[in-house]
Amino acid sequence: MPELEPHRIVRLEDDAVVVLDQRRLPDAEVELRCASAAEVAEAIRVLAVRGAPAIGIAAAYAMALAAERGEDLDVARDVLASSRPTAVNLRWALDAMREDPTPERAARVHADEVQRCRRMGAHAAELFPPGARVLTHCNAGGLATGGYGTALGAVRAAFEEGRVAHVWVGETRPLLQGARLTAWELEQLGIPHAVIADGAAASFIGNGDIDLIVTGADRIAANGDTANKIGTYGLAVLAAHHRIPLVVVAPTSTLDPTAASGDEIPIEERDPAEVTTRFAARNPAFDVTPGELVTAIVTERGVHRVPYAETLPRETAAAR
Ligand code: MRU
């Protein structure tokens, strides 16, 4: 399968962090050069680079760039940490860079995330029934993780084992990460797919056209409550009602053992103009799915099931 190579998604050059500008996809493959930590923070804020692991990786490269440029590292860390509030990977990557803000350490953060994705994919593929018709939401592919993908990595691994017949792609209003990014990645991978409007998911599930829902996550609390792109909670309720599994695939860098439940996860509220400029609007970027509605949480270490509070915190401790 053609590979969206990790260095094309985000990389460090001598004078800049370079990202594939995800705002321009799928129409144009344009790179954005960020010459300082503040410019990387802005690229994260405007979603030129997005997806929980990918923003952590971009921030890690930004810290290495800041160190090379002689920037004040506390200021750089603060500006990056405040660029987006929900994905805990950002804080995790900044912590990883604290002792050793070098290009080598940042490259290791990047390589480790891609490696984790491959391991998650292998574990998660086992949860796909043969010939599965899968629904995914937002984009949890290589673009979102610096390579390979979490939920889409699982789809990819399962497809290679003959377990995926078709992928339904929720378009993901308002910024269309599904319709623009996930569909683009699936096209490149040669995996059969079709985009549906977010509001169409219920009738597809009700009609028996979907066997499994698989998504990524931005932050998972100790009890399994999962913050992910707005709309995921609704899909989880649908999945429970129609008795199909909802599987969350996410690396240990997305687990937040300091949050006892989803109540402690900050939810980013973005510019209402992303929804409409004509009327008053609200634009929460994420929602929290209660852990009891998540059938399984798959990390690079294996498959977790309810009650998550018994196993997830132990896993985070082991991974750090
Ligand atoms: O606002 P976005 O596009 O950064 O939201 C991303 C998601 O919700 C993804 O599902 C999540 O980050 C997991 S990516 C592997």
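Here is a short conversation about how the two domains of this predicted model meet.

User: What makes this a protein with domain 1 and domain 2?

Analyst: The domain assignment gives domain 1 as residues 6-115 and domain 2 as residues 119-319. Their centres, taken over C-alpha atoms, are separated by 23 Å. The contact draws 30 residues from domain 1 and 33 residues from domain 2.

User: Why is the pair D256 and R91 called a salt bridge?

Analyst: Happy to walk through it! The closest N and O atoms of D256 and R91 are 3.4 Å apart. The cut-off is 4 Å between a side-chain nitrogen of Lys or Arg and a carboxyl oxygen of Asp or Glu, so the pair qualifies.

User: How many salt bridges and polar contacts are there between domain 1 and domain 2?

Analyst: There are two salt bridges between the domains. For polar contact, the count is 18 residue pairs, with both residues at pLDDT 80 or more.

User: Which helices supply at least two residues each to the side of domain 1 that touches domain 2?

Analyst: Those are α1 (6-9), α3 (52-69), α5 (89-98) and α6 (103-125). By class, this side of domain 1 has 16 nonpolar, six polar and eight charged residues.

User: What is the area buried between domain 1 and domain 2, and which residues of domain 1 stand out?

Analyst: About 2,500 Å² is buried between the domains, and carbon and sulfur atoms give 52% of this area. On the domain 1 side, R50, T86 and V88 supply 24% of the area buried against domain 2, which is more than any other three residues.

Note on methods. Residues are numbered from 1 along each chain as its sequence is written. This is a predicted model: local features need pLDDT of at least 70, side-chain atom pairs count only at pLDDT 80 or more; totals for chains, interfaces and linings use all residues. Side-chain values use heavy atoms; hydrogens and water are left out. Domain bounds come from an automatic or database domain assignment. Contact means heavy atoms within 4.5 Å. Buried area is the accessible area (1.4 Å probe) that two parts lose on being put together, summed over both. A polar contact is a pair of N or O atoms within 3.5 Å; within protein, one must be able to donate a hydrogen and the other to accept it, and residues adjacent in sequence count only if both atoms are side-chain atoms. Helices (H or I, at least four residues) and strands (E, at least two) are DSSP runs, numbered from the N terminus. Ala, Val, Leu, Ile, Met, Phe, Trp, Tyr, Cys and Pro count as nonpolar, Asp, Glu, Lys and Arg as charged, and the others, Gly among them, as polar.
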